[in-house]
Amino acid sequence: MEVTFTEEQEALVMKSWNIMKKHPGDLGLKFFLKIFKTAPAAQNMFSFLRDSQVPLEENPKLKSHAVFVLVMTCESATQLRRTGKINVEDSNLQKIGATHIKSGVTDEHFQVAKTALLETIKETVPEIWSSAMENAWGEAYDKLIGAIKCETKRSSNSN
């Protein structure tokens, strides 16, 4: 299903991302710490966290995963604007989706992550934050998650 992601929405995502990308590791950690505060059991879904003695704030794998999530969401906004959809087959989304489903990630978890993402962005760029920016990031995130879930279902049905 194609969606209209406006030039204005893309501009809002890119404007905030241009500020945020100066400190993606710190932002990513902040984002995941918000997730774990809301849903502490989510830590068990990450194989690299289960047996780790490293504090979350210092875990390099968590930091790199968090940066990846932020970048993927931003890239989704750009792809939505250009093509009207997120093309899962030309990316790593199928693999990502399979990993998340195998780890037991549910719609509720994706919603917790969305809330944490939006709060992180709002706290990072309060001077430019608006309901329009919140809607633009939310739309990009929702479409990314929808594409991941759709591709995961499609590929699991073909096996």
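**Helix packing in a predicted model**

Biologist: In which helix is the place of leucine 33?

Modeller: This is a predicted model, in which local features need pLDDT of at least 70 and side-chain atom pairs count only at pLDDT 80 or more, while totals for chains, interfaces and linings use all residues. Residues are numbered from 1 along each chain as its sequence is written, and side-chain values use heavy atoms, with hydrogens and water left out. Helices are DSSP runs of H or I with at least four residues, numbered from the N terminus. On that basis leucine 33 has its place in helix H2 (residues 24-38).

Biologist: Which residues does leucine 33 touch, not counting residues up to four places away in sequence?

Modeller: The C-alpha atoms of leucine 33 and glutamate 57, 24 residues apart along the chain, are separated by 8.1 Å. Leucine 33 is partly exposed, because its relative accessible area is 27% (buried means under 20%, exposed over 50%, partly exposed in between, with a 1.4 Å probe and protein chains only). With contact taken as heavy atoms within 4.5 Å, the residues touched by leucine 33 are Leu56 and Glu57.

Biologist: What is the handedness of the crossing of H2 and H6?

Modeller: H2 and H6 pack with their axes 9 Å apart and at an angle of about 135°, which makes H2 oblique to H6 (under 35 degrees counts as roughly parallel, over 145 as roughly antiparallel, 65 to 115 as roughly perpendicular and the rest as oblique). Axes here are lines fitted to C-alpha atoms, for helices over the stretch in contact, and angles run from 0 to 180 degrees between N-to-C directions. A crossing is left-handed if the near helix is turned anticlockwise from the far one by less than a right angle, and right-handed if clockwise; that of H2 and H6 is right-handed.

Biologist: How many residues does helix H6 have?

Modeller: Among the buried residues of H6 are Phe110, Val112, Ala113 and Leu117. From its first C-alpha to its last, H6 (residues 107-124) reaches 26 Å, close to the 26 Å expected at 1.5 Å a residue (1.5 Å times one less than the number of residues). The number of residues in H6 is 18.

Biologist: Which residues of H4 make the contact with H1?

Modeller: The axes of H1 (residues 7-20) and H4 (residues 60-83) come within 9 Å and cross at roughly 155°, which makes H1 roughly antiparallel to H4. H1 passes H4 in a left-handed crossing. From H1 the contact involves Glu7, Glu10, Val13, Met14 and Trp17, and from H4 it involves Leu70, Val71, Cys74, Ala77, Thr78 and Arg81.

Conventions:
Helices (H or I, at least four residues) and strands (E, at least two) are DSSP runs, numbered from the N terminus.
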